[in-house]
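Work through the exercises below with the model at hand. Try each task before reading its solution.

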Amino acid sequence: MHISDKIEILAESSKFDLCGSFLCSQEAIKRKPSLSGWIYPTVLPDGKTVRLLKILLSNDCIHNCYYCANRANRPFQRVTLTADELVRLFLELHRKCLVDGLFLSSAITKSPKYTMEQMLKSVEILREVHNFKGYIHLKILPESSLDYIETAIKYADRISINLEAPSEKYLKEIAPEKNFNFLLQKLETLKELYKKGLRTKAGITTQFVVGASQERDKEILNLTFSLYKNYHLSRAYFSAFQPIPLTPLSDLPPTSTWREVRLYEADFLIRKYGFDIEELVFNENGNLPTDEDPKTVWAKNHPEFFPVEINSAPYDKLIRIPGIGPAFASRIIKARREKKIKDLKELKKIGVPIEKCKNFILINGKSPSSSKNQLTLL
């Protein structure tokens, strides 16, 4: 098979490994990657956006995860790139200024040892032979040995170990061949290496398949909070389950993408806003409400906290206001150093989404919802 045909198939297969950047927007929900699915934008910890070639080394898997398009018992075309083919492809796209970095994952072909060796060989060639200094995200296979993990840390900017579910019980429902405690042990290994100073620049990530089993958002976020606190996790990613034909879960209904969005928003509250897991509001089923974002839900459940005075509130209070995040809070503080903010017009000038925040704030002691201060939006 010609390499271009292999690439089309493997890039398509990589869509199902969704451990990538996500922005809570209608555009993100539509999931429209560029260049036939080869290239995805991702945001680095420093805020810089880079374009990644996102591809599998192989889609020929020996495992039979119930949700996976690449499961062994599913009939479809199987292909595998050699390490040299992958390197040639990446360098050609990089020379044409189409990509800045690489996101390399793979189904487990032949054996975990063989597959991990080929993935590591690919990134080693890029780093050592071609002196590539850009961004590399490398997926670590669950069965990887300590020396393979150390090599991955040496060559990759970010590594990922996907848990897929928040407990052994739920993992068995969607991937009976996987062992949840074994996956956690790999994170424990990374934790010990971290203590010794062996760590990647952009950290460790994991991913959860959401809605394929009966797991609850509260269980997912409880585990995520623990991973941030105890295992130096940099990011968690959430992939709303979508049934794939010719898999055991093909008859399940798709999970609403809004559930995915709410999990990301809650995750941001934990990582960027200082929210504790106990502060999040869940419904009677243990899931986040999907009709409103979790910060607005929290605000409506804590009337004692509001209204917040825009001209005097400290940063940690400003970011609790619906519609005001770290960037807007910083802009407000900067603006009021020069002069007091007088009305909603001035807030709007610095970009604050006033319709979202106006019922939770005071401006110079007055509610902006009063007739005197009300702003007519065009």
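A disulfide is a covalent bond between the sulfur atoms of two cysteines. Here, a disulfide is counted when two cysteine sulfur atoms lie within 2.5 Å. The model is predicted.

**Exercise 1. Find how many disulfides the whole structure holds, and explain the result for C61.**

Solution.
- Step 1. Search the whole structure: zero disulfides turn up.
- Step 2. Take C61. The closest cysteine sulfur belongs to C68, at 6.2 Å. The cut-off is 2.5 Å, so the sulfur of C68 is too far from that of C61 for a bond.
- Step 3. Turn to C68. The nearest cysteine sulfur to C68 is that of C65, 5.9 Å away, and C68 is in no disulfide.

**Exercise 2. Decide whether C61 and C68 are buried or exposed.**

Solution.
- Step 1. Buried means under 20% relative accessible area.
- Step 2. C61 has 13%, so C61 is buried.
- Step 3. C68 has 19%, so C68 is buried too.

**Exercise 3. Lay out the sheet and say which strands stand at the edges.**

Solution.
- Step 1. Read the order: β1-β2-β3-β4-β5-β6-β7, an open sheet of seven strands with mixed pairing.
- Step 2. β1 (39-43) and β7 (233-240) each have a single partner strand, so they stand at the edges, and one side of each lacks a neighbour in the sheet.
- Step 3. Add the twist: from one strand to the next it averages 25°.

**Exercise 4. Describe how β2 pairs with β3, and where helix α9 lies.**

Solution.
- Step 1. β2 (residues 49-56) and β3 (residues 101-105) pair in the parallel sense, over five bridges.
- Step 2. Opposite L56 stands S105 in β3.
- Step 3. Helix α9 (residues 257-272) lies across β6 (204-210) and β7. The helix α9 runs at about 165° to β7.

How values were computed:
Residues numbered from 1 in each chain as written. Predicted model: local features only at pLDDT ≥ 70, side-chain atom pairs only at ≥ 80, totals over all residues. Heavy atoms only, no water. Pairing = 2+ DSSP bridges. Helix = DSSP H or I, 4+ residues; strand = E, 2+ residues; numbered from the N terminus. Axes fitted to C-alpha atoms, helices over the stretch in contact; angles between N-to-C directions. Contact = heavy atoms within 4.5 Å. Buried < 20%, exposed > 50% of the residue type's maximum accessible area, 1.4 Å probe, protein only.
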